[in-house]
Amino acid sequence: MKVQETKKIRNVVLVSHGNVGKTTLLEAILFKKKFIQRMGRVEDGNTVSDYQPEEKNRKFSISLSLVPVEHKGIKINFLDTPGYADFVAEVLSGIRAAENGVLLINASSGIEVQTKKYWKFLETENKPRAIFINKVDIEGIDLGALLNHIRDFFGYKAIPLNYPVFENGKFTKVSSIFENPEFENYKHAIYEIAAENDDAMLEKYLGGEELTLDEVNTGMKKAYMKGNFYPIFFGSALNLVGIDELLNFITDVMMSPEDLGEGKGINPTNKQEETRKISTDESFSAFVFKTLSDPYVGKLSFTKVYSGILKSNATVYNSSKGVVEKTGQVVYLTGSVQEPVDEVIAGDIAVITKLTVTQTNDTLCDSDNPIEFPKIDFPEPMLTRAMRPKTKTDEDRMSLGLSKITEEDPTVKISKNLETKEQLISGIGETHLSVIMEKLSGRYNVNITLTQPRIPYRETITTKVKVEGKYKKQTGGHGQYGHCFLEVEPLERGKEYSFESRIFGGAIPKQYIPAVEKGVKEAMEAGILAGYPVIDVGIAVVDGSYHPVDSSELAFKIAGSMALKKALEQGNSILLEPIEHIIVIVDEQYMGDVIGDLNARRGRVLGMKSENGKQIIEAYVPLAELLNYANDLNSITQGTGEFKMEHSHYELVPPKIAEKIIQESQLNKKEEAE
Ligand SMILES: Nc1nc2c(ncn2[C@@H]2O[C@H](COP(=O)(O)OP(=O)(O)OP(=O)(O)O)[C@@H](O)[C@H]2O)c(=O)[nH]1
Ligand SMILES: [Mg+2]
C-alpha cells in the first residue's frame, strides 16, 4: 500500500499481556477493510498475523508481524507483538519502530503482569499511547470497577473517550462520552487536559466558555502527543465492536512520523550527535528493527525509514558494520503476504529482502551522510541448556540451523563450554527454548534434545603432602626412568595453581623439570573424586633422581603425573562447586519470597538496596542451584523479576551433595566403559 506523504502515515504497535486479543483485533480491522473476506481465528490457525507454523501450532503470537491498513487516506502500519513474556524482544522491536502504542487490556482479567511491563516500556521510550479495553462482550464484567481500577493504575491522564452500550444484555456498540451527560466528569477531564496544553484554550476554558470540538481535538492531539493524555476505548475485536472509533482516533489524533520530527543518532566517524529530519528531502537513513530468516524467501530485514527514500535494488551503507550493501526487492508485508514496492518514503516501514551482513539493530544510510541510530537494548538470555543432536545428520545440520535462529532472534545465545565440551543454548525462558527446538526441527530438520548443562565442578586437596612418583621401565635395551618427589599443598581459594622447583645439586637435571610440570598438569585435568579439574594447589619439585641413559622427558612427565595422583589420594581431596554472583531485581512485594528462595538454594544474601522503586538483592548462590532460576523467578514474581549472574568463585560442596555427585560420576564412568 503505497503512501506519498510522511504525514499520512501512522505507525502503531499493539502490546498487551498474552491472549488479550491483539491478533484478533487486527483480523477484525483487516476484515472491516475487506483485505480478507472472512475473519480468521487464532484457535483455527488461520489469522493473517499469526502465520508462522509455530504460532498456528501453539495458538499465540511468537513473532512480531506487520499489518498495514488504509483508513481515511491514512496508512496505518500496525505492529502485532506477542504477549508471552519469553518473546519480549519482539515487543522491544515493535516499540522502536512505532511512534504510537495501543495497550490492550482484557476486560475480564484487567491489568496483568505484561500489561504493566509493556506500558512501562512505552513510557521509557516516550511513546504516546492509548488503551483499548477488549473482550467487553464477556458477560458479568463490572465495567465501572474495571475503569476505576484502570484509572487508579494509569492515573488521571487515562480517560475514556467512549463507553460500551448493551442492548438486551448484549454488547452492541460504543458511544462517545461527549454524547452522554452521564459521563460529564470525563468530558470535563478531557477539556481540562486539552486546555492545559494550549494557553489560549486554557484561558477560554477557565473563563467558563465552552470549547469547540475542533479546539478539543487540537488540544487532545497535543496532550496525547506529549504523553499527557491516555485515551481509553472499549471494544470487542471478536464482535467487531469499537474498531472504527479506534481507527478514527489513530488517523485523527495519533502521531505521524512527521510529527515526531527527527531521528536522533550519532555520526559513526566522529561520534558526534547527529539527527535526520523525518522527511523525504533528507539523505537516506533507516533502522533494521527485526530480522526474519524465512526458509523459503531467505532473510527479511524489517526496516523503518527515518529519512529520504529506501529503494529496491539500490546500494546502501550499513554504518553499524561499515560496509556497503545492495538491497534486493523491497516489499510491504501484511502478515506473510508480500507486495513488491520500488520506493519507500521517510516514516514508512517495509521489508528488505536478501541483505547479506545486515542484522537487527543495524543502521542503513547514505554513505556520504553516515549516521547510526541507537541500538535496541535486548535482555540477556538467562536460561541455559545443553544441546544433544539426536543423530549424526542432526549434528551436521545443527550449526546452519542455529545460525538462522540467532540471525532472527537477538535473545538467543549459542556458546560452547570447552571444559564439558557441551554446546549450550541460552534463551529467555522454557517456552522460548522449546519454540526454538520446534523451529529447528520444523524448518531445518534438525532434531535436538535439551538437557541441563553439566556443572563445571572442581577438585582440590586440604592437606599438604609429600609424594613420590617413580616411572621405571628397564628391561634391557633403552629403558625409561623418571623419578621425582613433590610437595603438594592446598592454596588459598582462587589462587588456582603454582609450580616451582626446589631441586638443588642437580638431583633432577633442569631440562626434565618442565616435563614433570607437564605430567602434573595432565594429572590435574581430572581429579580422583569425580574426574573434575584440580585447582588451588601449590606444587614444588623437591627431590628425585635420574638415569643418564634411560631418563627422558616422557619418563619424567609420567613420574610427575603419578606423583600428583598420589597427592590427590593422600591430600584429602574435596569437591568444589562454582558459585555465581547474582543480582535479582524485583518489586518490593516479592522481596521476602525471593530472599527465602535464595536461602533455600544454599545462597548467601550479601545485601539489598532499592532503586527506581525496585528492590535489588545481591547474593552468592551455587550454579547447580540456578539452572532453572529463570523459570522459578518468573513464577515467584509472576514474570516481573529480572536477574543477571556471573561466575564468582569456588566453594566446598557440602558432603551429602558431594557424595551424590561422586556416585553419579562413577555411574557415568561405568556406563561409558560398558
Ligand atoms: N470473547 C472475546 N474473545 C476474544 C476477543 N478478542 C479475542 N478473543 C479471543 O481471545 C483469544 C486470544 O486472542 P489473540 O488475538 O490471540 O490474543 P493476543 O493478544 O494476540 O495473544 P498473544 O498473541 O498471545 O499475545 C482468542 O481465543 C480469541 O478468539 C473478544 O473481543 N471477545
Ligand atoms: Mg497475538
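**Exercise 1. The first helix and what follows it**

In this predicted model, helix H1 is followed by Lys-34, whose phi is positive, near 60°. Determine which residues of H1 are buried.

Solution.
Step 1. Fix the limits of the helix: H1 takes in residues 22-32.
Step 2. Apply the cut-off, under which a residue is buried if its relative accessible area is under 20%.
Step 3. List the residues that pass. They are Lys-22, Thr-23, Thr-24, Leu-25, Leu-26, Glu-27, Ala-28, Ile-29 and Leu-30.
Step 4. Draw the conclusion. Nine of the 11 residues of H1 are buried, so the helix is largely enclosed by the rest of the structure.
Step 5. Set this beside the whole chain, where 55% of the 674 residues count as buried.

**Exercise 2. The surroundings of ligand 1**

Describe the shell around ligand 1, and state which element gives the largest share of it.

Solution.
Step 1. Count the shell. Ligand 1 is surrounded by 21 residues, and the closest are Lys-22, Thr-24, Glu-43, Ser-61 and Gly-83.
Step 2. Assign the shell to elements. H1 provides the largest share, three residues.
Step 3. Sort by character: seven residues of the shell are nonpolar, 10 are polar and four are charged.
Step 4. Look for short distances to oxygen atoms of the ligand. An N or O atom in the side chain of Lys-22 is 2.7 Å from an oxygen atom of ligand 1. For a polar side-chain atom of Thr-23, the distance to an oxygen atom of the ligand is 2.9 Å. Gly-83 takes part through a polar backbone atom, 2.7 Å from an oxygen atom of ligand 1.
Step 5. Give the cover. On its own, ligand 1 has 650 Å² of accessible area, and the protein covers 91% of this.

**Exercise 3. Two cavities**

How many cavities of 30 Å³ or more does a search of the whole structure find? Describe their linings.

Solution.
Step 1. The search finds two. The largest holds about 130 Å³ of space, and the second largest has a volume of about 40 Å³.
Step 2. Take the largest cavity. Its lining has 17 residues, and those nearest its centre are Ile-62, Phe-87, Glu-90, Asp-409 and Lys-439.
Step 3. Assign that lining to elements. Helix H3 (88-97), strand S12 (285-294) and helix H12 (430-444) each supply at least two residues, and H12 gives the most, with four.
Step 4. Sort that lining by character: seven residues are nonpolar, four polar and six charged.
Step 5. Take the second largest cavity. Among its lining residues are Ala-89, Glu-90, Phe-289, Lys-290 and Glu-408. H3 and S12 each supply at least two residues here. The lining divides into four nonpolar, three polar and three charged residues.

**Exercise 4. Lys-439**

Is Lys-439 buried or exposed, and which side chain does its own side chain contact?

Solution.
Step 1. Place the residue: Lys-439 is in helix H12.
Step 2. Compare its accessibility with the cut-off of 20%. Lys-439 has 9% relative accessibility and therefore counts as buried.
Step 3. Find the partner. The side chains of Lys-439 and Glu-408 are joined by a polar contact of 3.1 Å.
Step 4. Relate both to the cavities. Lys-439 is one of the residues nearest the centre of the largest cavity, while Glu-408 lines the second largest.

**Exercise 5. The largest pocket**

Which element gives the largest share of the lining of the largest pocket?

Solution.
Step 1. Give the space: about 1600 Å³ lies in this pocket.
Step 2. Describe the lining. It has 48 residues, with Lys-117, Phe-121, Lys-614, Thr-640 and Glu-642 nearest the centre.
Step 3. Name elements that give two or more residues, including H3, helix H4 (113-124), helix H5 (143-154) and strand S34 (642-652).
Step 4. Pick the largest share: eight residues come from H4.
Step 5. Sort by character: 23 residues are nonpolar, nine polar and 16 charged.

**Exercise 6. Positive phi in two loops**

Locate Leu-240 and Asn-361, and classify each by accessibility.

Solution.
Step 1. Leu-240 is not a glycine, yet its phi is positive, about 60°. Asn-361 also has a positive phi, near 85°.
Step 2. Leu-240 sits in the loop between strand S9 (230-234) and helix H9 (243-252). Asn-361 sits in the loop between strand S20 (349-353) and strand S21 (363-365).
Step 3. With 27% relative accessibility, Leu-240 counts as partly exposed. With 8%, Asn-361 counts as buried.

Terms used: Residues numbered from 1 in each chain as written. Chains lettered and ligands numbered in written order. Predicted model: local features only at pLDDT ≥ 70, side-chain atom pairs only at ≥ 80, totals over all residues. Heavy atoms only, no water. 1 Å grid on protein atoms, 1.4 Å probe; cavity = no way out; pocket = protein on both sides within 12 Å on 5 of 7 lines; lining within 4 Å. Points joined across faces, edges and corners; volume = space filled by probe spheres on them. Nonpolar A, V, L, I, M, F, W, Y, C, P; charged D, E, K, R; others polar. Near = heavy atom within 4 Å. Polar contact = N/O pair within 3.5 Å; in protein donor to acceptor, adjacent residues only side chain to side chain. Areas by Shrake-Rupley, 256 points an atom, 1.4 Å probe, with all protein chains shown as cover. Buried < 20%, exposed > 50% of the residue type's maximum accessible area, 1.4 Å probe, protein only.
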